[in-house]
Amino acid sequence: MLKNDLLMRAAKGEFVERVPVWLMRQAGRVLPEYRATRAKAANFIEFVKNPELAAEVTIQPVHILGVDAAIIFSDILVIPEAMGLPYQMIESKGPWFEKTIKNAADIEALHIAEADDLGYVMQALQLTKKQLNNEVPLIGFCGAPWTILAYMIEGSGSKTFSKAKQFLYTQPQLAHRLLEKITASSINYLKGQVAAGADLIQLFDSWAGVLSETHFYEFSLQYMQQICDAISPLVPVTIFAKDAHYAIERIAQTSCSSIGLDWTINPHHARTQANGKTLQGNADPCLLYANETTIVKETHAMLKDFGKQNYICNLGHGLYPDLPKEHVKLFVDTVKAFTQY
Ligand code: 1CP
C-alpha cells in the first residue's frame, strides 16, 4: 500500500485532500546531487543502463524536493535502441543515431522489442520500487510512436523535424508500418514496466506540435490510443502531447486517465474540452526564473484556475537545467501549502 497515493487518486478522478505535484525532468541537472551521481558513469547511456545509479537519481527529487511521485530515470530513446538503432547522447548537443530509417528494408530489419530487451529498465524499476518503500508512486514512461519515429528518421533532434514530416507526406504507408512496429514494441515495454512496479504510465509526445492537426490524428493519436487500450486496464495512463492545443477533446476520448497540458493552454478552456478527465500541468518552466513573489502569485493563480479535484500539478514541459533549485523547491512547497480554492 502506498503511503502517499495522492497522484493515483487524482489520476483516477477520486477525491484528494490536496493537489499532488511532480515535475517533468525532476531527476536532472537542476539537482547538484544528480550531477554528482551522473559523474560516476562514463556517459549518459552507461548511466541509463546502470540500475543502481538510475534508482538513486529517481529517488533524489522525492527526498530533496518533496514531490508526490518518482519518475523512473531513463530516456524515450531506449526504444529505438532496443529495436536496432543505437544512439549516442552528445554532451550539450543531444541524441545522435548512426543509422536512420530510409526505406522499407530498414523498417523490416527492425526488431519488435520485448520487455526482456530492456532488462536494465526493469531492474531499475524493481530496485527503485524497493528503495522507495511505498512512499510515493513510481511513474513509468515511453515516447509516443510519432515522437520515436521522428528521431528514427531524423537521426537527431531538430527544430522542425522536416525529414520525418517529409516521410509522412511521401511514404505514408511505410510510416504506418513503422508506427505499428514502434507501437507493438512500446506496448511490450510498458507491460514490462508495470510488471516491474510502475504505478502509472506517461506517454511523451514531445513533438506533437510540429504536426498538422490531420497528421496528429492520423500518425500520432491513433497509436497512442492503441497503447492506452493495452495499458489502461493495468494502470492509469497520462497522454502528454506537447503543443497539440486543439486536440484535448479528442485525447479525452481515448482510454487515458489524465491529459498533460503545456503552458500555452488555458486551464478553463482545457476543462471544457476534457470530458471530466484529470488534467496535468501546466506552469511555464521559465516562471521558475522569476522572483519568489511572482512564483508564488502565479502558482496560486494556476491552482485556482484548475481547482483541487481531477488535477495533477506539474510544469508544462521539463525543468531546464539552469533553473535555481530553490525556486523549484518553492514551487513544490507552494502547491503543497495552498488551501484557498
Ligand atoms: O546527462 C544529462 O543530464 C542529459 C539530459 C537528459 C536527461 C536528464 C536526457 C538527454 N535525458 C534525460 C532523462 C529523461 N528523458 C527523463 C528522466 C526522468 C525525469 O523526467 O526526471 C525523461 C522522462 C526523458 C524523456 C525524454 N527524452 C523526452 C520526452 C520528454 C521531453 O522532455 O519532451 C525526450 C524528447 C527525450 C530525448 C532527449 N533526451 C536527452 C535530450 C537532450 C533529449 C532531447 C533532444 C532533442 O532536443 O531532440
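**Exercise 1. Determine which residues of strand 6 lie on each side of the strand, and whether they are buried or exposed.**

Solution. Start with the general pattern: in a regular strand the side chains alternate between the two faces of the sheet. In strand 6, Val-237, Ile-239 and Ala-241 are on one side, and Thr-238 and Phe-240 are on the other. Residues on both faces are buried, where buried means under 20% relative accessible area, exposed over 50%, and partly exposed in between (1.4 Å probe, protein chains only). The count for strand 6 (residues 237-241) is 5 of 5 residues buried. Strands (E, at least two residues) and helices (H or I, at least four) are DSSP runs, numbered from the N terminus.

The model is predicted: local features need pLDDT of at least 70 and side-chain atom pairs count only at pLDDT 80 or more, while totals for chains, interfaces and linings use all residues. Residues are numbered from 1 along each chain as its sequence is written, and side-chain values use heavy atoms, with hydrogens and water left out.

**Exercise 2. Place strand 6 and strand 8 in the sheet, and state the order of its strands.**

Solution. Step one is the order: 7 strands form an open sheet, 1-4-5-6-7-8-9, with parallel pairing. Two strands pair if DSSP finds at least two bridges between them. The edges are strand 1 (70-71) and strand 9 (311-315), each of which pairs on one side only.

Step two is the pairing of strand 6. Strand 5 and strand 6 run parallel and are joined by 5 bridges; Leu-203 stands opposite Ile-239.

Step three is strand 8. Strand 7 (residues 258-260) is joined to strand 8 by 3 bridges, and the two run parallel. Ser-258 stands opposite Thr-278, and Ile-259 has Leu-279 as its bridge partner. Strand 8 (residues 278-283) has 6 of its 6 residues buried, so it is largely enclosed by the rest of the structure.

**Exercise 3. Describe how helix 7 and helix 10 pack.**

Solution. Two packed helices are described by the angle between their axes and the distance between the axes. For helix 7 (residues 119-132) and helix 10 (residues 172-195), the axes come within 9 Å and cross at roughly 25°. Axes are lines fitted to C-alpha atoms, for helices over the stretch in contact, and angles run from 0 to 180 degrees between N-to-C directions. Helix 7 and helix 10 are therefore roughly parallel; the classes are under 35 degrees for roughly parallel, over 145 for roughly antiparallel, 65 to 115 for roughly perpendicular, and oblique for the rest.

Next, list the residues. Val-121, Met-122 and Leu-125 of helix 7 meet Tyr-189, Gly-192 and Gln-193 of helix 10, contact being heavy atoms within 4.5 Å. Helix 10 also lies across strand 4 (138-143) and strand 5 (200-205), at about 170° to strand 4.

**Exercise 4. Find where the backbone departs from the usual geometry at Gly-281, Ser-92 and Asn-133.**

Solution. Most residues other than glycine have a negative phi, and most peptide bonds are trans. Gly-281 and Asn-282 are joined by a cis peptide bond, with omega about -15°; Asn-282 belongs to strand 8.

Ser-92 has a positive phi of about 55° and sits in the loop between strand 2 (87-90) and strand 3. Its relative accessibility is 78%, so Ser-92 counts as exposed.

Asn-133 also has a positive phi of about 55°, in the loop between helix 7 and strand 4. At 49% relative accessibility, Asn-133 is partly exposed.
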